[in-house]
Amino acid sequence: MEKEKVYEIVDSVEKLEARLANLKAAQRQYVTYTQEQVDKIFLAASTAANQARIPLAKLAVQETGMGIVEDKVIKNHYASEYIYNAYKNTKTCGVLEEDKVYGYKRIAEPVGVIAAVIPTTNPTSTAIFKTLLALKTRNGMIISPHPRAKNCTIAAAKIVLEAAVAAGAPEGIIGWVDEPTLEISNLIMREADMILATGGPGMVKAAYSSGKPAVGVGAGNTPAIIDDTADILLTVNSIIHSKTFDNGMICASEQSVIALDKVYDAVKAEFAKRNCYFLKGSELDKVRKTIIINGALNAKIVGQSAHHIAALAGVKVPEDAKILIGEVESVELSEEFAHEKLSPVLAMYRAMDFSDALDKASHLIADGGFGHTSSVYLNTITEGEKLAAFEARMKTCRVLVNTPSSHGGIGDLYNFKLVPSLTLGCGSWGGNSVSENVGVKHLVNIKTVAQRRENMLWFRTPQKVYIKRGCLPVALDELGNVLNKKKVFIVTDSFLYNNGYTKTITDKLNELGIQYTTFYDVAPDPSLACAKEGAEAMRAFQPDCIIALGGGSAMDAGKIMWVMYEHPEADFMDMAMRFMDIRKRVYTFPKMGEKAYFIAVPTSAGTGSEVTPFAVITDEKTGVKYPLADYELMPNMAIVDADMMMVMPKGLTSASGIDALTHALESYASMLATDYTDGLGLKAMQTIFEYLPRAYENGANDPDAREKMANASTMAGMAFANAFLGVCHSMAHKLGAFHHLPHGIANALMINEVLKFNASEKPTRMGTFPQYDHPHTLARYAEIADFLKLGGKTDEEKLDRLIQAIEELKAKIGIKKSIQEYGIDEKDFLDRLDDMVEQAFDDQCTGANPRYPMLSEIKAMYLSAYYGK
Amino acid sequence: MKLQKVIAVRTSKTVYRDGDLAIKVFDEDYSKADVLNEALNQARVEETDLPIPKVIEVTKVDGKWAIVTEFIQGKTLARLMSENPDNMDEYLQRFVDIQLEIQSKRVSMLNTIFEKMHRKISQSGLDATTRYELHTRLESMPKHKKVCHGDFNPSNIIVSNDDVAYIIDWAHVTQGNAGADAARTYLLFRLEGEDEVAEKYLKLFCDRGDTAKQSIQKWLPIVAASQLVKEKPEQREFLLRWTAVVDYE
């Protein structure tokens, strides 16, 4: 005969401490178990608990004097079988999930030793439930039973433990206290790594105040609304089934029924027909005084039969009465029937309409069931609105529909997606940390292993870029023959219009038989007013194609008009919102191109706007510049025809040419630079160094130089359309805005300061981007110098030569050496410097810079550039 | 000191008057610690500006410990209530206001109501399960620091001839929750069979103190358990019923 195992009795703090030490040691061993070993133990323990379901149920009823053996059998059966079934295939050990591509892994680890507080109402089933969860998650468990249910709780724990150990679990992986006291349960909670508390609010509060992480659950006061569309037969019998289960001790059980006026009598009749007893006259008061004492639940009625409770109250009801029903009106706590009763005693309310029923149900939940469970019976097919209102109003974590709430709330019996559990979280409403049905996922720590990965980059350009001197009319041929455009809207400035630059376009359009109109009021630094006017004209004309002809201003204005024409509802403040990563920006830019095809034709060599997703617009009322950036703003077609640039004045040639150089330099140094943008940038720089002085000197007499510069500008544009810019542009934007310097000149004045700044190998802060793994911009600049064949032995020397070459280029094209030389007043410059510094720091271009600038560093660069030291 | 004029006799103590002095003489077997504690408590509460008779000395009279305090000339509120039942509402209102005034004070050195109640529950003679429930209930109460008289009833208030209400008998004072103190007063009324006054008192206390009735009711099982320690057989059944309640689950 097998000898019964004897365990040392834990009835003092000293013995508990010893027990906890053993438990912790056992758990340290259990951590090393594999999923396979754990699953074997889980199966063995579940099976043993399942087999003991009847003796354990008998023991529980015998010891606590509460509930019904047959129903407790179901609970024990459920706690073993359903929990096993729910988690048999769940991974709880080691790697749960791995994504090698993303370098992402989730690893489950046990939390350690869990303190389990077990209630008197469901002692054996809760003990089975919690110990099984602990075993499945490689945790140890120390059980603090309730004194009223300690023997059966311990018996259940013992069965699970012994089966687990027989299947290979470490000895003593589950422990318990034989003589529970408040002092001991407090100690358990302090010593455990986590607390899983099911029980009254006092115990749950103690768990939360122990300072240890706790999963506690709260009290319920489930109301059930019966709508006039409910199936009365199903409804009443579901409620009876649920309310009588284990004499009403499941915390999700219905405490009150709220029947709509129309069906009240029918509901009542059905209850009566099924042996539920409606309390009459003075009986109501007698039962009231029996169930609640000074606002608290009478311990003597918990889990007792209706007949027994009636007898305690001095009310005579038939032996087989199922439920005592009190027809009451008040939902206030002063009404005893409004409380949680943990017994087959039910309150019944009459509601005028569904809205009244919702008010009553909300109030009852607030009385003592915040976060727990609510229930409604209605026709789900026709009453979607009522159901939605119910879902919205109930502050409960379980909202049950046409379901007996005792069985429904614990899950997997009347709904097969609701997780089976005997510990029901009540969320923050119930003062709990968990709002779901508690399961294995609440008992593991998840480690996330994240490896470094680099960001995806991209290369985006207009679908079509046409290049060659004299190509404009050839390219436009497509409008008629391929694209079938009917109405073209031309955006340009008055100079270009008056000097016949649009004629090449209009002649071609005439030839193709395409209608057109021309808007030629774009001024430098185009204003919002101008864009609005253009957009208005577009709305009147309804073009299916827009051609923006001009320098940066006309092309930018064209892009903005395009946006306003296609999306008059779009807000500039939103579109101009700064972003850290263009892919993660908060604002979703409206989809462009649904009304009109956009063609950009540059007439200067510098801005690159024909191939960029950028546009700047100024609010003339406030002076605020809105820099917009989104690939939706990318033109559909760019036509680079140097014939349109021949007669550019010298000043424009030098300012826009040097702007293109800074585009290439900054995009090359950018953290987002790629091999694709590098090639374009280098070629653009080489071209600019060679041809910009010639274009500047010779103008229209040197069409080759003009064409080279046109291409260099577009190539640099493509580079920065994808790699973006840097702090030179940030500073130039604000310098231009504060002191009215042409954009290209402002860049020219700052660029060498930025080269020196970015080249530092000990920057205060480097930029944040996975590809940028260490400060290496000096080497990048040296690569440029090498490509330009500037000579120099070390990277430092090469940088010096690059800076020197830029200085020489600037001198050749008539750019002055300092901000001061452009006649900017020193006092005014210094007075507004701090403001300018802060705005430059916050400019959209700063983000891609390889060195993250401090405000003081921007200030130093500005000062240095001012004096040209 | 002349111990001739007896003004009150209580279990294990007798109070005498000698001119301006009231002398509370304890029985021989009375705990020295309890006597000194009572005097110390009263001295501590004296430091608030509550109207209470001051401790003059702690001494021994014929081998018995005695606390000598100022004597207050006047009638207890209990006596006034029974003499003028028509003014009951007014008296009760004043009674509640005095209690709220006491509770508005803070005396950080006093014992806490939590320690006291845990001790009383342990000594209550109740079964382990009920004690466990009560200890747990007590542990979950919020921790406040209000001065709680601990035996606040109309016989412990003396209205002087110039209509100042002096509060006496500070043996049970603690710091803790107003709800506990009110629950104790409510219990005392109910034990006296004054059910109607008890309900009136509870309503007044809640209204004037802006307190929810439940926050006082929650303490009733606990104060009932503490009263069981006094082992008065006639109260036993009543108190047992009050303690046999459970928290919701």
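Two strands are taken to pair if DSSP finds at least two bridges between them, and with that rule in hand the sheet of chain A is easy to follow. The structure described here is a predicted model. In chain A, five strands form an open sheet, arranged in the order 5-4-3-6-7 and paired in the parallel sense. Strand 5 (174-176) and strand 7 (214-216) of chain A occupy the edges; each has a single partner strand, so one side of each is left without a neighbour in the sheet. From one strand to the next, the twist averages 20°.

A closer view of one edge is helpful here. Strand 4 of chain A, residues 140-144, pairs with strand 5 of chain A through three bridges, again in the parallel sense. A reader who wishes to find this pairing in the structure can start from A:I143, whose bridge partner in strand 5 of chain A is A:W176. Helix 6 of chain A (residues 150-166) packs on the sheet and touches both strand 4 and strand 5 of chain A. The direction of helix 6 makes about 160° with that of strand 5 of chain A. As general background, strands of a sheet pair through backbone hydrogen bonds, either parallel or antiparallel.

Turning to the whole chain, the domain assignment of chain A gives domain 1 (13-216), domain 2 (222-414), domain 3 (458-645) and domain 4 (651-869). Between the C-alpha centres of domain 1 and domain 4 of chain A, the distance is 67 Å. For residues 654-866 of chain A, an unreviewed UniProt entry records the feature "domain: Fe-containing alcohol dehydrogenase-like C-terminal". In the model, this span of chain A is 69% helix and 0% strand, and the C-alpha atoms at its ends lie 20 Å apart.

Chain B is divided into domain 1 (5-70) and domain 2 (74-243). Taken over C-alpha atoms, the centres of these two domains of chain B are separated by 22 Å. Their contact takes 11 residues from domain 1 of chain B and 15 residues from domain 2 of chain B. On the side of domain 1 of chain B that touches domain 2 of chain B, the residues divide into five nonpolar, three polar and three charged.

Finally, a word on confidence. Chain B has a mean pLDDT of 93, with 99% of its residues at 70 or more. For the complex, the predictor gives an ipTM of 0.87 and a pTM of 0.86.

Methods
Residues numbered from 1 in each chain as written. Chains lettered and ligands numbered in written order. Predicted model: local features only at pLDDT ≥ 70, side-chain atom pairs only at ≥ 80, totals over all residues. UniProt positions renumbered as here; feature names shortened; annotations may be inferred. Helix = DSSP H or I, 4+ residues; strand = E, 2+ residues; numbered from the N terminus. Domains from an automatic or database assignment. Contact = placed C-beta atoms within 7 Å. Nonpolar A, V, L, I, M, F, W, Y, C, P; charged D, E, K, R; others polar. pLDDT = per-residue confidence, 0-100. Axes fitted to C-alpha atoms, helices over the stretch in contact; angles between N-to-C directions.
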